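Trainee: I would like to go through this chain and ask what stands behind each label. Please give the value and the criterion each time.

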Amino acid sequence: MVPQIVQFTTYLIDLDGVVYRGEELIPGAKEFVNWLNSNHKKYLFPTNNSFASEAQIAAKLTRLGIPIDGSHILGAAQAAVIHIAHRLPGAYVYIVGEQPLFDLVRAIGLQIANTNSHKDQLANTGSQKAQVTNISSPKADVVLVGLDRSFDYKKLTEAVRAVRAGATFITINRDAILPVEGGFIAGCGTIAAAIEAGSGVTPEVVGKPEPMLLQEAMHLLGSRPEETVMIGDGLDTDILAGKATGTHTLLVLSGKDSRESLEKTSIQPDYVYTSLEAVMQEIKNDF
């Protein structure tokens, strides 16, 4: 028998497409977090977000009306950098990503292999010819890929060269798209796929749908899979990760996937709701 939503002790909640879309809070999200707090539930937001720090995500949630601190957020970027530091202490890391990822790598004592700093790369407005002739072959132990909204041909080629030269290839997630207001943008997984095509090497994946992120979340909360529900908007990320980890799974239709995509896949969640607003309506009905 499938437990009622209110019976779980632990709730792992995706952010993009579940709690917000870009700068827009999704109906029911604030009420759901308030319910978690008032009922002393354990919860974390394990997110595949690869371009913002935990503090930045917490600040965004607070700005949108859900006051929270970084202790309730577990980012795949943080997990990836910690993994690299344990596995290859002092490694040189070629980063495809944005400033928070550079900051994370530096903060944990790893070395930056990029030939230019991230800010220098953003400031580079030279001609296409200059960019092509300036492409280097970075000496890197690891190529780490996150979302990079200034991704270009130079970064693609340098990353491909580093991987082909033997660097370990790690992507924070394989999310092909990222929900924003009015639609989607290309995600971290799309960038990783381009590097994979050029290098012929399949990357290691830290974020969902791999189980590492949820396992770490439950470890931090002191929870077991059978008392935990993973709430997400992606069948092939959030729901698949929940199933791989052994948790219960809940799909909301406010983000990436729809009822049409649900009908076309073998990945079936335990629960399906239109949004957290519908989840809250059922919770109210149970009391």
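Trainee: How many helices and strands does the secondary structure of the chain come to?

Mentor: The model is a predicted one, and its chain has 12 helices and 15 strands.

Trainee: What makes the chain as compact as a globular protein of that length?

Mentor: The globule rule gives 19 Å for 287 residues, and the radius of gyration is 20 Å; the two are close, so the chain counts as compact in that sense. Of its residues, 53% are buried.

Trainee: Why does the span of helix α7 agree with what is expected?

Mentor: Helix α7 has 12 residues, 153-164, and at 1.5 Å a residue they should span 16 Å. The C-alpha atoms at its ends are 16 Å apart, so the span agrees.

Trainee: How do you know that Asp-152 caps the N-terminal end of α7?

Mentor: A side-chain oxygen of Asp-152 is 3.3 Å from the backbone nitrogen of Lys-154, and the cut-off for a polar contact is 3.5 Å. After α7 comes Gly-166, with a positive phi near 115°.

Trainee: Why is Asn-173 called buried?

Mentor: Its relative accessible area is 2%, and buried means under 20%, so Asn-173 qualifies. Asn-173 sits in the loop between β9 and β10.

Trainee: Which residues is Asn-173 in contact with, leaving aside neighbours within four places in sequence?

Mentor: They are Asn-48, Ser-50, Cys-188, Gly-189, Val-205 and Lys-208. In addition, a polar side-chain atom of Asn-173 lies 2.9 Å from the backbone nitrogen of Asp-175.

Definitions and conventions. Residues numbered from 1 in each chain as written. Predicted model: local features only at pLDDT ≥ 70, side-chain atom pairs only at ≥ 80, totals over all residues. Heavy atoms only, no water. Helix = DSSP H or I, 4+ residues; strand = E, 2+ residues; numbered from the N terminus. Expected span 1.5 Å × (residues − 1). Polar contact = N/O pair within 3.5 Å; in protein donor to acceptor, adjacent residues only side chain to side chain. Buried < 20%, exposed > 50% of the residue type's maximum accessible area, 1.4 Å probe, protein only. Contact = heavy atoms within 4.5 Å. Rg over C-alpha atoms; globule rule 2.2 N^0.38 Å.
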